[in-house]
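User: Please take a close look at one helix pairing in this model. Then follow the connections outward to the other parts described.

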Amino acid sequence: MKNLSSCVTLFTGLLLAALAQANDAGLPPGVRLALDGARIPADAVSIWTRAVDRPTPTLAINAATPMNPASVMKLVTAFAALERLGPAHTWSTRVASDGAPRGGVLEGNLYLVGGADPVLGYDRLWKMLRRLRALGVERVTGDIVLDGSTLRLPPHDPDAFDGRGLRPYNSGPHGLLLHYNTLLLGLHPGKTANEPVTLAADPPLAGLVIDNRILTANSPCGTWYRDLQATLEPGRRLVLSGSLPAACGPRTWSAAPLPPAEFGSALVAALWSEVGGRLGGTVRDGRTPGGAEELFTDESDPLADVVRDMNKWSSNVIARQLLATLGRVSLREDATEDMVTAGARAATATLAAAGIDTSGLVIENGSGLSRIERIRAESLGALLLAAWQRPWMPEFIAALPVAGLDGTARRRLGDSPARGQAHIKTGTLNGVRAMAGYLLDHKGQRHAVVMMVNHPEAAASAAAQDALLEWLWSGGE
């Protein structure tokens with residue numbers, strides 16, 4: 001029995017080695033060398049490539065293995081949103097009141113009714129409030145009520161993913177999301193070490209006190225934000241600490257100091273005062289009564305532009321809003337399911353209806369900021385090919401960062417001849433590095449390309465991904 005067990009162990013080892021060698025043998029030489037240099041085995045890598053007008057893949061390695069795609073999951077969200085809603089879809093934010101203003105006074109409450117707009121920034125909000133002033137509203141005797149009830153959402157803990165709840169990438173969706181729930185912090189270092197760093201914060205948030213303790217450092221710029229910290233203390237006191245090297249010059253950092261509903265209240269209160277409005281009550285969260293009179297509506301940019309904003313800079317909060325919107329439009333009126341869960345189901349059904357195999361697909365929030373989201377490389381490849389055949393294909397591709405030129409891929413490919421020839425969405429988490437998109441080779445042939453790495457050393461796999469793009473650009477030589 002002992003000899004039999006040894007033989008089985010030996011046979012299993014030889015079989016696994018043979019499978020690993022077979023996988024490794026399919027890798028382009030430059031990709032294999034880069035992975036070896038990063039100490040990443042072939043079985044931790046999934047690759048799928050195919051010319052868009054050819055019937056079979058050029059390369060398929062572990063392509064049927066579900067992997068964590070990180071932010072590449074936003075391609076699924078974008079595809080489902082464009083397919084279900086269309087590139088011209090917009091979101092409406094309504095302004096209503098208890099009655100018509102008379103003599104500059106609005107007796108009662110003013111209502112801002114959210115429509116789940118993902119990109120309602122403070123500039124548009126300021127214009128809306130200025131429009132109210134132009135309509136004769138100088139004073140509201142009651143409250144300004146912010147109604148975000150259009151989205152039925154599950155509880156969201158911004159600390160749950162990585163314990164950094166004040167970072168904007170951890171913000172959740174909201175029915176009346178304002179300015180991405182993000183406070184932009186313009187940092188201007190001094191000229192010498194230990195000088196205070198000057199701060200310019202936008203947008204204004206009523207009631208938020210910013211305690212800036214950031215000092216100038218005399219070190220090389222490097223990863224300039226590594227030493228910066230933001231904490232929220234009782235009394236809405238945002239404490240900023242750490243250092244910023246003088247060599248970096250002015251930089252922009254960001255924080256999400258308040259939950260979306262509180263952020264919205266603080267922003268509206270500040271801007272209403274800024275445009276000269278007065279308020280008898282408070283700015284608060286609430287519901288709009290059925291008898292409220294609509295004053296006007298504000299329309300968002302079209303979905304095509306929103307998808308571009310999401311994918312060029314990998315906005316998690318826009319992706320979360322889109323998924324919840326999919327859930328909102330897919331649910332019956334009497335449904336009680338939350339709209340994030342419904343959105344994930346709607347996205348999966350949309351892919352399946354397009355002929356994309358959804359085996360192994362797991363959608364948690366649609367942004368890729370997840371430890372459980374999964375998709376197969378061949379499914380991502382099928383999605384890219386399906387998008388290529390859609391009437392909204394130009395909007396889908398134009399939303400992807402151009403490698404070496406813009407967005408999150410602006411530092412990729414460097415001096416490579418393939419620079420500027422690939423529209424790719426990238427994704428990075430601890431233990432995950434992924435990319436997917438399209439590449440135009442040196443003969444003018446377009447390819448769909450997917451590569452995902454799930455391994456503790458995944459962060460070091462950028463060179464292998466670039467090598468794959470260069471291999472495709474050169475015609476697989």
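Analyst: In this predicted model, the axes of helix 3 and helix 9 come within 11 Å. They cross at roughly 35°. Helix 9 covers residues 377-388, and helix 3 covers residues 74-85. The crossing of helix 3 past helix 9 is left-handed.

Which residues make the contact between helix 3 and helix 9? Helix 3 supplies Leu75, Val76 and Phe79. Helix 9 supplies Leu380, Leu383, Leu384, Ala386 and Ala387. By class, the contact of helix 3 with helix 9 has 8 nonpolar residues, no polar ones and no charged ones.

Stay with helix 3 for one more residue. Leu85 belongs to this helix. Is Leu85 buried or exposed? Leu85 has a relative accessible area of 18%, and the cut-off for burial is under 20%, so Leu85 counts as buried. Beyond its neighbours within four places in sequence, Leu85 touches Leu303, Thr325, Leu326 and Val329. Ile214 is another matter: 129 residues separate Leu85 and Ile214 along the chain, and their C-alpha atoms are 45 Å apart.

Now to strand 1, residues 45-51. Ser46 lies in this strand. Ser46 is buried, at 0% relative accessible area. What does the side chain of Ser46 reach? Its partner is the backbone oxygen of Asn62, at 2.9 Å. Leaving aside neighbours within four places in sequence, Ser46 is in contact with Ile61, Asn62, Ala63, Thr65 and Met67. The list for Ser46 goes on with Ala377, Val450, Met451 and Met452. One of these, Ala377, leads back to helix 9, which spans residues 377-388.

Thr49 also sits in strand 1. Thr49 is buried, again with a relative accessible area of 0%. Outside the four-place window in sequence, Thr49 is in contact with Pro57, Thr58 and Leu59. Further contacts of Thr49 are Ala448, Val449, Leu468 and Leu472.

Next, the sheets. One open sheet holds 3 strands in the order 9-8-15, with antiparallel pairing. Why is one side of strand 9 and of strand 15 left without a neighbour in the sheet? Strand 9 (198-202) and strand 15 (251-255) stand at the edges, and each has a single partner strand, so one side of each stays unpaired. From one strand to the next, the twist averages 25°. Strand 8, residues 183-188, pairs with strand 15 over 5 bridges, in the antiparallel sense. Within this antiparallel pairing, Leu185 stands opposite Trp253 of strand 15.

Another open sheet has 3 strands in the order 4-6-16. Here the pairing is parallel. At its edges are strand 4 (105-106) and strand 16 (278-279), each pairing on one side only. How many bridges join strand 4 to strand 6? There are 2, and the strands run parallel. Strand 6 covers residues 139-140. Val105 stands opposite Arg139 in strand 6.

To recap the starting point: the contact of helix 3 with helix 9 has no polar and no charged residues. Leu85 of helix 3 is buried. In strand 1, Ser46 is buried, and Thr49 is buried. The two sheets differ in sense: the pairing is antiparallel in 9-8-15 and parallel in 4-6-16.

Conventions
Residues numbered from 1 in each chain as written. Predicted model: local features only at pLDDT ≥ 70, side-chain atom pairs only at ≥ 80, totals over all residues. Heavy atoms only, no water. Pairing = 2+ DSSP bridges. Helix = DSSP H or I, 4+ residues; strand = E, 2+ residues; numbered from the N terminus. Axes fitted to C-alpha atoms, helices over the stretch in contact; angles between N-to-C directions. Buried < 20%, exposed > 50% of the residue type's maximum accessible area, 1.4 Å probe, protein only. Contact = heavy atoms within 4.5 Å. Polar contact = N/O pair within 3.5 Å; in protein donor to acceptor, adjacent residues only side chain to side chain. Left-handed = near helix turned anticlockwise from the far one by under 90°. Nonpolar A, V, L, I, M, F, W, Y, C, P; charged D, E, K, R; others polar.
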